Amino acid sequence: MTINAFVQARMNSRRLPGKVLKPILSRPMLSLLLERLRKCQHIDNIVILTSEEESDDEIADFCRTENVALFRGSLNNVLNRFTSALKKHPCKHVVRITADCPLIDHRIIDQVIQLHLNDKNDYTNNCDTPSFPHGLDTEIIKADVLQSIELQQLKPSDKEHVTLFVRTHNEQFKLGLLKNEIDYSAYRLTVDEQEDLSVVTAVFEALYNKDADFDYLQAIEFLDANPQLKLLNAKYERNEGLKYSLELEQSVST
């Protein structure tokens with residue numbers, strides 16, 4: 001049984017263009033994410049999924065330098081990018097990771113995967129009803145379920161946000177959720193805004209040289225010890241990209 005991690009990456013971010021290759025510790029942010037992701041025990045292959053747009057040639061160059069598999073597909077129909085990548089990189093299950101989460105924790109990813117396999121779910125995540133920090137979001141979906149989504153009546157938001165259709169049709173699919181014992185959802189460890197990049201950079205600078213495999217709890221402890229830093233990006237909400245897509249979709253239909 002093969003489990004592939006598909007890392008969704010693009011350079012034309014609306015809020016922070018080029019963020020996935022921004023330098024942290026003099027390395028591209030995506031390089032640090034891959035270092036942490038490669039420690040997952042349950043992932044067999046890692047593939048970077050980017051678009052065919054010229055703006056994403058830099059990501060292709062990065063993949064050649066890092067010797068990591070690359071697939072290029074549609075910019076806006078990200079679902080099709082994933083299903084097309086499956087044809088070239090077939091597997092039983094797909095772990096979806098977004099490239100703006102350099103503090104992703106392989107221990108949590110493995111827990112999500114294990115829950116998914118143990119419960120024989122169609123789809124499992126740790127971010128519906130959030131209890132982990134934003135930036136540790138992990139999803140795993142059966143490959144055949146992912147492919148079946150394209151046969152449905154889809155809205156533009158379903159094509160842009162790969163798993164949205166499954167998450168909003170729980171009557172059709174068996175869904176699973178990994179909940180944390182302590183609610184850390186107020187912590188923001190993703191990179192969508194410049195302030196996010198400042199926070200995540202500070203975390204890496206404080207912890208990486210002491211322990212390159214530091215976990216998310218060490219990041220939380222550091223932020224608790226530096227409350228002004230924690231507050232720097234606290235004003236931003238989760239899933240603003242999804243909210244923006246849904247609002248745009250609603251405005252078009254009215």
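These legends accompany close-up views of two helices and several salt bridges in a predicted model.

**View 1. Helix α4, residues 106-118, and what comes after it.** Let us start with the length of this helix. At 1.5 Å a residue, the 13 residues of α4 should span 18 Å, and the C-alpha atoms at its ends are 18 Å apart, so expectation and model agree. Which residues of α4 are buried? They are His106, Ile108, Ile109, Asp110, Val112, Ile113, Leu115 and His116. Look past α4 to find lysine 120, which has a positive phi, near 55°.

**View 2. Helix α3, residues 78-88, mostly covered.** Of the 11 residues in α3, 8 are buried. You can pick them out as Val78, Leu79, Arg81, Phe82, Thr83, Ser84, Ala85 and Leu86. What covers the buried residues of α3? The cover includes the strands β1 (3-8), β4 (45-51), β5 (69-73) and β6 (93-98), along with the helices α5 (143-149) and α6 (156-160).

**View 3. A salt bridge between aspartate 100 and lysine 19.** The two side chains meet at 3.1 Å, N to O. Aspartate 100 sits in the loop between β6 and α4, while lysine 19 sits in the loop between β1 and β2 (23-24), so this pair ties together parts that are 81 residues apart in sequence. Are the two partners buried or exposed? Aspartate 100 has a relative accessible area of 12%, under the 20% cut-off, and is therefore buried. Lysine 19 counts as buried too, because its relative accessibility is 8%.

**View 4. A salt bridge between arginine 107 and aspartate 105.** Here the side chains meet at 2.8 Å, N to O. Aspartate 105 counts as buried, at 1% relative accessibility. Its partner, arginine 107, counts as partly exposed, at 28%.

**View 5. A salt bridge between aspartate 224 and lysine 230.** The closest N and O atoms of this pair are 3.8 Å apart. Aspartate 224 is partly exposed at 43% relative accessibility, and lysine 230 is partly exposed at 28%.

**View 6. A network of salt bridges.** Which residues do shared partners join into one network? The members are Arg15, Lys19, Asp100, Arg188, Asp192, Glu193 and Asp196. As a reminder, side chains of opposite charge can pair when their charged atoms come close. If you would like to keep exploring, a search of the whole structure finds 19 salt bridges.

How values were computed
Residues numbered from 1 in each chain as written. Predicted model: local features only at pLDDT ≥ 70, side-chain atom pairs only at ≥ 80, totals over all residues. Heavy atoms only, no water. Helix = DSSP H or I, 4+ residues; strand = E, 2+ residues; numbered from the N terminus. Expected span 1.5 Å × (residues − 1). Buried < 20%, exposed > 50% of the residue type's maximum accessible area, 1.4 Å probe, protein only. Contact = heavy atoms within 4.5 Å. Salt bridge = Lys/Arg side-chain N within 4 Å of Asp/Glu carboxyl O.
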